[in-house]
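Please open the structure in the viewer and keep the selection tool at hand. The tour below proceeds stop by stop, stating what to select and what is found there.

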Amino acid sequence: MGRFNQIESLTNQLASLLQQNETQKTDNKQLQSQFDEEKSAHIRSQSRIETLNEEMDKKDKTLIETLASLNEAQKVSARLEGQLLQYQQSTNNKKND
């Protein structure tokens with residue numbers, strides 16, 4: 001009887017260990033699935049960041065070009081103002097003569 005009890009106890013332990021192993025396999029599959037989803041989300045995020053950086057670089061370039069054009073327009077405006085003042089002064093001088 002003692003040997004039978006030992007075999008039965010070992011059989012029960014083995015069944016318990018096999019059940020634990022199956023549970024761990026299931027948990028592992030779920031964790032792997034979650035990991036894969038997180039990894040995919042990370043890759044998508046990285047791609048979006050790269051796209052946004054590219055868009056920002058384009059907008060920065062456009063802004064720099066716009067600022068350069070504005071600077072040039074301000075120079076032209078200042079030149080025209082100077083010419084207008086000279087014209088007005090010469091017109092006033094001719095009236096006074």
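**First stop: Glu-55 and its surroundings**

Select Glu-55, which is partly exposed, with a relative accessible area of 36%. Please bear in mind that this is a predicted model. Glu-55 belongs to helix H1, the element that spans residues 2-96. Now add Glu-50, Glu-54, Asp-57 and Asp-60 to the selection; together with Glu-55 they form a negative surface patch.

**Second stop: a nonpolar patch**

Which residues make a nonpolar surface patch? Select Leu-63, Leu-67 and Leu-70, which make a patch of about 280 Å². Leu-63 is likewise located in helix H1. Its relative accessible area of 46% places Leu-63 in the partly exposed class, because that class lies between 20% and 50%.

**Third stop: a salt bridge**

Side chains of opposite charge can pair when their charged atoms come close. How many salt bridges does a search of the whole structure find? The search finds one. To view this salt bridge, select Lys-25 and Glu-22, and display their side chains. The closest N and O atoms of the pair are 3.6 Å apart, which meets the requirement that a salt bridge lie within 4 Å.

Why are these two residues about one helical turn apart? Lys-25 and Glu-22 are three residues apart in helix H1, so about one helical turn separates them. Both partners are partly exposed: Lys-25 has a relative accessible area of 43%, and Glu-22 has one of 41%.

**Fourth stop: distances along the helix**

Keep Glu-22 selected and add Asn-12, which is 10 residues away along the chain. The C-alpha atoms of Glu-22 and Asn-12 are separated by 15 Å. Next, select Gly-82, another residue of helix H1. Gly-82 counts as partly exposed, at 28% relative accessibility. Add Asn-21, and draw a line between the C-alpha atoms of Gly-82 and Asn-21. These two residues are 61 residues apart along the chain, and the separation of their C-alpha atoms is 89 Å.

**Final stop: the whole chain**

Now clear the selection and display the entire protein chain. Its secondary structure consists of one helix and zero strands. The radius of gyration is 41 Å, well over the 13 Å that the globule rule gives for 97 residues, so the chain is more spread out than a compact globule. Along the principal axes, the C-alpha atoms fill a box of roughly 140 × 15 × 10 Å.

What percentage of the 97 residues counts as buried? The value is 0%, where buried means under 20% relative accessible area. If the viewer can draw a surface, switch it on. The accessible surface of the protein chain amounts to about 9300 Å², and 54% of this belongs to carbon and sulfur atoms.

Finally, colour the charged side chains. The protein chain carries 13 positive and 15 negative side chains. The centres of these two sets lie 5 Å apart. Among the negative side chains are those of the patch seen at the start, including Glu-50 and Asp-60.

Notes:
Residues are numbered from 1 along each chain as its sequence is written. This is a predicted model: local features need pLDDT of at least 70, side-chain atom pairs count only at pLDDT 80 or more; totals for chains, interfaces and linings use all residues. Side-chain values use heavy atoms; hydrogens and water are left out. Patches are made of residues with over 30% relative accessible area and no salt bridge: like charges are joined within 9 Å, nonpolar side chains (Val, Leu, Ile, Met, Phe, Trp, Tyr) within 5 Å. Accessible areas come from the Shrake-Rupley method with a 1.4 Å probe; for residues, only the protein chains shown count as cover. Helices (H or I, at least four residues) and strands (E, at least two) are DSSP runs, numbered from the N terminus. Buried means under 20% relative accessible area, exposed over 50%, partly exposed in between (1.4 Å probe, protein chains only). The radius of gyration is taken over C-alpha atoms; the globule rule is 2.2 Å times the number of residues to the power 0.38. Lys and Arg count as positive and Asp and Glu as negative; His and the chain ends are not counted. The place of a charge is taken as NZ of Lys, CZ of Arg, CG of Asp or CD of Glu.
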